[in-house]
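Here are my notes on the empty space in this one, as promised. Have the viewer open while you read.

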Amino acid sequence: MSTAPSRVFSSDNAAGASPEIVDAMARAASGHAPPYGSDPLTDGVRRRLCEIFERDVDILLVSTGSAANALSLAALTPPWGSVLCHRHSHINNDECGAPEFYTAGAKLVPLGGDDARIDPDELRAAVRHKAGDVHSVEPSVVSVTQATETGAVYSLDELRHLGAVTKEAGLRLHMDGARFAGAVAALGCAPADLTWRAGVDLLSFGATKNGTMTAEAIVVLDRSLTAELSFRAKRAGQLAAKARFQAAQLDAYLTDDLWLRNAAHANAMAARLQDGLKAMLGVELLGAAEANILFCRLPQQVSERLLSDGYTFYHDRWEPGVVRFVTSFATTPQDIDGLLHSIRRHTA
């Protein structure tokens with residue numbers, strides 16, 4: 001049975017779930033299991049993540065990426081502290097004050113840098129700014145996003161540099177990994193190199209954008225934080241009674257490298273779109289698609305015609321004429337070719 005090409009390029013959250021995830025949920029629905037994360041599936045996910053990250057880690061399963069970020073930051077900074085992040089980061093723009101709420105008032109301090117990557121010189125100044133001054137918030141934690149909100153990816157050297165600046169100042173390092181799998185697939189490196197070997201203490205390990213339904217995880221790379229995080233998760237309503245359903249999703253997600261295969265496919269579809277747009281007159285690419293997000297500038301009439309054709313994507317949110325296309329594990333080559341055909345037709 002043929003399936004009509006998708007015209008949804010607004011977000012990877014719009015995609016459904018991988019069949020392997022659906023099957024795992026169905027299997028978890030039968031029988032009985034201990035509640036609150038004490039089930040064998042949850043323990044199995046933890047052991048698998050220990051293997052992936054090449055060290056003994058703890059995990060907390062949560063239902064949303066915002067919960068993972070906010071709870072992580074709450075465990076890393078006091079209420080009088082500050083969170084140094086990029087001005088385009090998700091925690092700064094898209095979480096409705098959740099980090100400030102869960103930290104009981106810590107201040108987000110936005111920094112600049114190309115492609116939503118923190119500029120190391122700005123960070124070097126910020127980690128020392130008014131440190132120890134009782135009249136100001138105390139620099140406490142740095143939060144980086146991998147891959148970034150523009151689809152860029154921090155290189156290993158860039159991460160190590162930022163990690164060194166962070167640790168030299170005595171600060172903690174958090175990584176928002178909503179699209180972590182995409183970064184690992186793009187760089188082809190070990191997850192350990194992208195995280196704890198670069199100084200990361202806590203990782204928000206994203207999965208919903210890449211094939212699961214309602215499962216995310218906080219990977220605790222510094223296990224001294226586990227006890228506090230556990231209490232914070234319960235207090236925030238993020239300790240699921242039937243955690244085995246979240247664990248079942250993540251178990252299938254990690255099995256046979258599904259997480260990396262899904263991410264590599266999403267990245268490849270963004271690259272296919274980028275290659276097709278390069279040759280078109282009237283289209284200006286804005287940065288490279290290193291993961292699964294592509295920004296470009298289209299004539300206003302082209303965007304309007306695409307919307308009339310039934311395509312969905314973000315446009316004019318950043319500035320007039322700028323659009324964002326996001327691919328996912330469910331995007332097909334036919335989806336990309338259909339979009340390219342429509343853009344070519346409307347720019348002719």
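1. Ground rules. Helices (H or I, at least four residues) and strands (E, at least two) are DSSP runs, numbered from the N terminus. On a 1 Å grid over the protein atoms alone, a cavity is a set of points where a 1.4 Å probe fits but cannot get out, while a pocket is an open set with protein on both sides within 12 Å along at least five of seven lines; lining residues have an atom within 4 Å of a point. Points are joined across faces, edges and corners, and a volume is the space filled by probe spheres set on them.

2. Provenance. This is a predicted model, where local features need pLDDT of at least 70 and side-chain atom pairs pLDDT 80 or more, though totals for chains, interfaces and linings use all residues. Numbering runs from 1 along each chain as its sequence is written, and side-chain values use heavy atoms, with hydrogens and water left out.

3. The cavity. The count is 1 cavity of 30 Å³ or more, with a volume of about 110 Å³. It is lined by 17 residues, and Arg179, Gly182, Asn210, Ala263 and Asn292 are the closest to its centre. Helices α8 (180–187) and α12 (258–278) each put at least two residues into that lining. By class it has 8 nonpolar, 6 polar and 3 charged residues (nonpolar: Ala, Val, Leu, Ile, Met, Phe, Trp, Tyr, Cys and Pro; charged: Asp, Glu, Lys and Arg; polar: the others, Gly among them).

4. Helix α12. Does the span add up, and what should it be? The 21 residues of α12 should span 30 Å at 1.5 Å a residue, and the end C-alpha atoms are 30 Å apart, which agrees; the expected span is 1.5 Å times one less than the number of residues. Its buried residues (under 20% relative accessible area, 1.4 Å probe, protein chains only) include Trp259, Asn262, Ala263 and Met269.

5. The largest pocket. Its volume is about 1000 Å³. Of 48 lining residues, His88, Glu149, Thr150, Trp318 and Arg324 are the closest to the centre. Two or more lining residues come from each of α3 (65–76), α4 (90–93), β5 (172–177), β9 (293–297) and β11 (322–326). The class split is 15 nonpolar, 18 polar and 15 charged.

6. The second largest pocket. This one holds about 340 Å³, and among its 19 lining residues Tyr36, Gly37, Ile59, Leu60 and Leu239 are the closest to the centre. Strand β1 gives the largest share of the lining, 5 residues.

Note on methods:
Buried means under 20% relative accessible area, exposed over 50%, partly exposed in between (1.4 Å probe, protein chains only).
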